[in-house]
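Please open the model in your viewer and keep the sequence panel beside it, since this tour moves from one selection to the next.

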Amino acid sequence: MWILKTIMCVFNGVIFLAGGVAVFVGILVEMNSKYLRTVLDHIKDSPPVLAQLVNVGYLLIAVGAVLAIMGFLGCCGALCESKCMLLTFFITVLIVFLAEVAGAVLILLFQPTAEKLLVGIRLKVAQSIKSSYGENEVFTTAWNETMSLMKCCGYNNYTDFTGSPFEKLYQYPNSCCHEKAEQCTLTAAKIENTSGCFGAVIKLVEDNSTLMAGVAICIAAIEVCAMTVSVLLYKN
C-alpha cells in the first residue's frame, strides 16, 4: 500500500509542478499580450478569431490552476486514504485528459486555417503600419516591443515601413538592422534583410513543436498512470 501512496504522491507532485509552471507562463504571456491587443486594434477588419489568441494567457492560467488542484487532491487523497478525494481526483483528471485530447485534435484540424488567417491579413497589417507607425505612440511602442522581443522587422519585412510617418522622418526601425546601426537606412535594411514577425512566429512554433509534443505526451502519460494508481488505492 505504501508503494502505491509513494507513486501517487510522486505523480501528483509532478502534476502540481506542471500546473505551477503553466500558471507562471500564462502570467508572462498575459503581461506581454497588451502589445498584441494594440496591434490587432489597428488592423482594419481583422478576423475575430485572431482576437481570441490574446486570451491564451488566461487559458494557461486556468489550466495550470486545475492541474495544481488536481495534484493537491491526489496527494491528500493518497496520504489521508480518503475515497472521496481519490474519486474526485480521478474524475477531474479524466475530464482534463479528455479535454486535452479534444484540444489536440482541434489544434491539428485548425492549424492550416490559422496559418491561412495569418497569411490573409498580411496586407492589412502592412497598411496599418504604413498609416500609424511613427504617428500613433501606443501603436509604435507596441510594435517596437514586439520586434525587440521576437528579433524581427515588421509583419512581413522592412518594406512594411516604407511610406510610414516614421520612415519619412527617421528611415527604418533599428530592429530592421538587428539594432546594429544608430540609424537604419533603406540600404542597411536591405542588407540585413531581417525576417518579419510572421515568419519569426512560424519558425518559433516549428522549432519547438517537437518539445511541446513531447511535454504534452509526458503529461498525458503521467495523468493516465495517476488515474490508474488512484483507482487501485480507491479499491484497497
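Where is the place of threonine 185? In this predicted model, threonine 185 sits in the loop between α7 and α8. With a relative accessibility of 31%, threonine 185 counts as partly exposed, because the buried class ends at under 20% and the exposed class begins at over 50%. Show the residues around it, leaving aside neighbours within four places in sequence, and you will find threonine 185 in contact with Gln171 and Tyr172. A distance drawn from C-alpha to C-alpha between threonine 185 and tyrosine 170 should read 8.4 Å, although the two are 15 residues apart in sequence.

**The whole chain**

Now zoom out and colour by secondary structure. The protein has 9 helices and 0 strands, so that the pattern read along the sequence is α-α-α-α-α-α-α-α-α. Of the 236 residues in the protein, 33% are buried. The protein exposes about 13,800 Å², and carbon and sulfur atoms supply 70% of this area. Among contacts with a separation of 6 or more, 68% are between residues 24 or more positions apart.

**Back to the loop between α7 and α8**

Select cysteine 176 next, which lies in the loop between α7 (165–170) and α8 (186–192). Is cysteine 176 buried or exposed? Its relative accessible area is 1%, and cysteine 176 is therefore buried. Setting aside residues up to four places away in sequence, cysteine 176 touches Cys153, Tyr158, Phe161, Cys184, Ala189, Glu192 and Thr194. The C-alpha atoms of cysteine 176 and leucine 186 are separated by 9.5 Å, with their positions 10 residues apart along the chain.

Then select serine 175, which also has its place in the loop between α7 and α8. At 10% relative accessibility, serine 175 counts as buried, and its contacts, not counting residues up to four places away in sequence, are Met147, Ser148, Cys152, Cys153 and Thr194.

**The nonpolar cores**

Which members of the largest nonpolar core touch the most other members? Among its 22 residues, these are Ile129, Tyr133, Trp143, Met147, Phe161 and Cys176, and they are worth showing as sticks together. At least two residues of this core come from each of α5 (122–132), α6 (137–150), α8 and α9 (197–235). Centre the view on methionine 147, and its contacts beyond four places in sequence appear as Tyr133, Cys152, Cys153, Gly154, Phe161, Pro173, Ser175 and Cys197. Another core, of 16 residues, lies apart from the largest one and includes Val93, Ile222, Met227 and Leu233.

**The aromatic cluster**

Return to the largest core and show the aromatic rings. How many aromatic pairs does the count come to? The count comes to 3 aromatic pairs. In one of the pairs, the rings of tyrosine 133 and phenylalanine 161 have their centres 4.9 Å apart and their planes at 70 degrees, so the pair is edge-to-face, the class used for planes over 60 degrees apart. Tyrosine 133 lies in the loop between α5 and α6, whereas phenylalanine 161 lies in the loop between α6 and α7, so this pair ties together parts that are 28 residues apart in sequence. Both tyrosine 133 and phenylalanine 161 are buried.

Add phenylalanine 166 to the selection, and a further edge-to-face pair with tyrosine 133 appears, at 5.2 Å centre to centre and with 70 degrees between the planes. This pair links distant parts of the chain, with tyrosine 133 in the loop between α5 and α6 and phenylalanine 166 in helix α7, 33 residues apart. The relative accessibility of tyrosine 133 is 1% and that of phenylalanine 166 is 18%, and phenylalanine 166 therefore counts as buried. Together, Tyr133, Phe161 and Phe166 form one aromatic cluster.

**A patch on the surface**

For the last stop, switch on the surface and select valine 25, which lies in helix α1 (residues 2–41). Valine 25 is partly exposed, with a relative accessible area of 34%. What makes up the nonpolar surface patch of about 550 Å²? Val21, Phe24, Val25, Ile27, Leu28 and Met31 make this patch.

Key: Residues are numbered from 1 along each chain as its sequence is written. This is a predicted model: local features need pLDDT of at least 70, side-chain atom pairs count only at pLDDT 80 or more; totals for chains, interfaces and linings use all residues. Side-chain values use heavy atoms; hydrogens and water are left out. Patches are made of residues with over 30% relative accessible area and no salt bridge: like charges are joined within 9 Å, nonpolar side chains (Val, Leu, Ile, Met, Phe, Trp, Tyr) within 5 Å. Accessible areas come from the Shrake-Rupley method with a 1.4 Å probe; for residues, only the protein chains shown count as cover. A salt bridge is a side-chain nitrogen of Lys or Arg within 4 Å of a carboxyl oxygen of Asp or Glu. Helices (H or I, at least four residues) and strands (E, at least two) are DSSP runs, numbered from the N terminus. Buried means under 20% relative accessible area, exposed over 50%, partly exposed in between (1.4 Å probe, protein chains only). Contact means heavy atoms within 4.5 Å. A nonpolar core is a set of buried Ala, Val, Leu, Ile, Met, Phe, Trp, Tyr and Cys residues joined through side-chain atoms within 4.5 Å. Rings of Phe, Tyr and Trp (its six-membered ring) pair if their centres lie within 6.5 Å; planes under 30 degrees apart count as stacked, over 60 as edge-to-face and the rest as tilted.
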